[in-house]
Amino acid sequence: MYVPPKVETPDKKSEVMLHACCAPCSSAILECLLHNGIKPVVFYYNPNIYPREEYEIRKAESIKQTQNLGIRFIDGDYDHEAWKGIACGLENEPERGSRCLECFKMRLLATAQCARKEGISIISTTLASSRWKSLQQIEEAGIWAAAQVDGVEFWLQNWRKGGLQERRNQLLREGGFYNQLYCGCEYSMRS
């Protein structure tokens, strides 16, 4: 029987604003947080996802997942034009290049702002569960975003360790989640 690893938020509080990119990446993380007595509030803010239909599919899966778990879901705005503004001039960057860093900063700043509004002091992200993403970039973006918003701290947790990656894959199969094959932005579709 699978037992999630022990985790603890930096402030030892029991609530965290979790930026979620999709249901598959969230699945094992949410299970782990709940197992450890941490109450996640899922913030779905992903203006990078293209096309809009892809965004809506991923959002619907995340809503279904949070409803099944009894977790609060907050829907961020889909402003793809604003995202294209931060990606302008970085279109030809490779995955893990500077476009990704700017994308993470945008999404985690929105997460920090939402957390502050909701009275939550800790933020984290499911982006740190993907082996396709740079943990260094995620950490840099998260620390930067939290520094922009008073009273918010970024919790870098490597959600790939402790059997969470394997558990994610198991939950993906069991839950029948839609599993996309690219990060979401139109520039990553070329890979």
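**A parallel sheet, a crossing helix and two cavities**

In this predicted model, helix α2 (residues 52–69) lies across strands β2 (39–44) and β3, and runs at about 160° to β3. A convenient place to begin looking at helix α2 is the pair Arg52 and Glu56, whose side chains meet in a salt bridge with an N to O distance of 2.9 Å. Because Arg52 and Glu56 are 4 residues apart in helix α2, about one helical turn separates them. For the structure in general, the count of salt bridges comes to 13.

The two strands crossed by helix α2, β2 and β3, belong to an open sheet of 5 strands with parallel pairing, in the order β3-β2-β1-β4-β5. The edges of this sheet are formed by β3 (72–75) and β5 (153–154), each of which pairs on one side only. Strands of a sheet pair through backbone hydrogen bonds, in either a parallel or an antiparallel manner. At the β5 edge, strand β4 (residues 122–125) is joined to β5 by 2 bridges, and the two strands run parallel. Readers who wish to locate this pairing on the model can start from Ile122, whose bridge partner in β5 is Glu153.

Attention now turns to the enclosed spaces. A search of the whole structure finds 2 cavities of 30 Å³ or more. The largest cavity has a volume of about 70 Å³. Its lining is made up of Asn48, Trp83, Glu95, Arg99, Cys100, Cys103, Phe104, Arg107, Lys133, Cys183 and Cys185. Helix α4 (residues 98–118) contributes the largest share of this lining, with 5 residues. By class, the lining of the largest cavity divides into 6 nonpolar, 1 polar and 4 charged residues; among the residues that line the cavity are Cys100, Cys103, Cys183 and Cys185, as well as Glu95, Arg99, Arg107 and Lys133.

The second largest cavity holds about 30 Å³ of space. Around the second largest cavity are Cys25, Ala28, Ile29, Ser129, Trp159, Leu164, Gln165 and Arg168. Here two helices take part, as α1 (23–35) and α6 (164–175) each supply at least two residues of the lining. The lining of the second largest cavity comprises 5 nonpolar, 2 polar and 1 charged residues.

Notes. Residues numbered from 1 in each chain as written. Predicted model: local features only at pLDDT ≥ 70, side-chain atom pairs only at ≥ 80, totals over all residues. Heavy atoms only, no water. Pairing = 2+ DSSP bridges. Contact = heavy atoms within 4.5 Å. Axes fitted to C-alpha atoms, helices over the stretch in contact; angles between N-to-C directions. 1 Å grid on protein atoms, 1.4 Å probe; cavity = no way out; pocket = protein on both sides within 12 Å on 5 of 7 lines; lining within 4 Å. Points joined across faces, edges and corners; volume = space filled by probe spheres on them. Nonpolar A, V, L, I, M, F, W, Y, C, P; charged D, E, K, R; others polar. Salt bridge = Lys/Arg side-chain N within 4 Å of Asp/Glu carboxyl O.
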